[in-house]
Amino acid sequence: MDTMRDRFIATTTRLLDEDPRLALVLAEISRDGFGPALERHPERAINVGIREQLLIGVGGGIALTGLRPIMHTFASFLVERPFEQLKLDFGHQGTHGVLVSAGGSYDWPAGGFTHMSPGDVALMDTLDGWTVHVPGHPDEAETLLRRAAASDESVYVRLSVHANASAHPLTRSGFHALREGSRGVVVAVGPMLDAVLAATEGLDVTVLYATTVRPFDGAALRRAVAGARPDVVLVEPYLAGTSTGAANDALVEVPHRVLGLGIGRRELRRYGTVDEHLAGQGLDPAGLRARITAFLH
């Protein structure tokens, strides 16, 4: 199976050929994969080098001309480092574009904490009007990328090496019910789905699958708790608790409990592998089952 990043490169290269409205801005990352696009579309495909603030500034300038920029690098360099440019060159200027990250929370553990971004979605939450997609499979990534490119909105697409074994059809935006039960609701975001399904095997719970987390699908959550005990567990592949506020807002008229599971604030300094990080954060199936069952007991 190709990775989400592989699919992003192939899909965006085709879209640049098909849609003269689209532009691509890179900051060195994935430059080799986009070699043909850079050669064919030098007026719309730009590599600014290792200058992440400039990446966003150029993207904002391109958006002011009427083109739709797709900006790409590691999440820590796309959201965290140039955050002021995102706030001003897009939010304040009223422009729109597509951010596509790689690296996730710790896709490349050997790169150290400089290349990890568990807080990116929480940081994007401080900005107004951004749609946030978190695909769990390369096929889903392609669908969401095409939607983002075709829209006129501000969109963040969060890609990761961590992925589910199979894709789920994304016939609409929002949360999709994959299992139904009566003793609680578990929301699995993007690549956390396989672990959540394994962790909840045999449990009487509803499992919702989310690949678009902003806007938060409060209607789907309300429908789910209407048929189950209103205890909600959010399992996110980034900072724990990122969506607990959104869930609480959605259920403001319903007595409920919410548990947010995800990446802790404490840095795991023995970087290891992705699987070791997941286990260390209690996000492997065994860790999730223990925490979910304790909360729903």
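**Exercise 1. Determine how strand S8 (residues 185-189) and S11 pair, and over how many bridges.**

Solution. In this predicted model, S8 and S11 pair in the parallel sense, with 4 bridges between them. As a specific position, take Val-186: its bridge partner in S11 is Val-233.

**Exercise 2. Identify the strand that 6 bridges join to S11, and give the bridge partner of Asp-231.**

Solution. Strand S12 (residues 257-263) is joined to S11 by 6 bridges, and the two run parallel. The bridge partner of Asp-231 in S12 is Arg-257.

**Exercise 3. State whether S11 is mostly covered or not, using the count of buried residues.**

Solution. A residue is buried when its relative accessible area is under 20%. For S11, which spans residues 231-239, 9 of its 9 residues are buried, and the strand is mostly covered. For the protein chain, buried residues make up 56% of the 297 residues.

**Exercise 4. Give the numbers of helices and strands in the protein chain, and assess how compact the chain is.**

Solution. The protein chain has 12 helices and 12 strands. Its radius of gyration is 19 Å, close to the 19 Å given by the globule rule for 297 residues; therefore the chain is as compact as a globular protein of that length. Along the principal axes, the C-alpha atoms fill a box of roughly 60 × 40 × 35 Å.

**Exercise 5. Among contacts between residues at least 6 apart in sequence, find what percentage join residues at least 24 apart.**

Solution. A contact requires heavy atoms within 4.5 Å. Of the contacts in the protein chain between residues at least 6 apart in sequence, 73% join residues at least 24 apart.

Conventions
Residues numbered from 1 in each chain as written. Predicted model: local features only at pLDDT ≥ 70, side-chain atom pairs only at ≥ 80, totals over all residues. Heavy atoms only, no water. Rg over C-alpha atoms; globule rule 2.2 N^0.38 Å. Buried < 20%, exposed > 50% of the residue type's maximum accessible area, 1.4 Å probe, protein only. Pairing = 2+ DSSP bridges.
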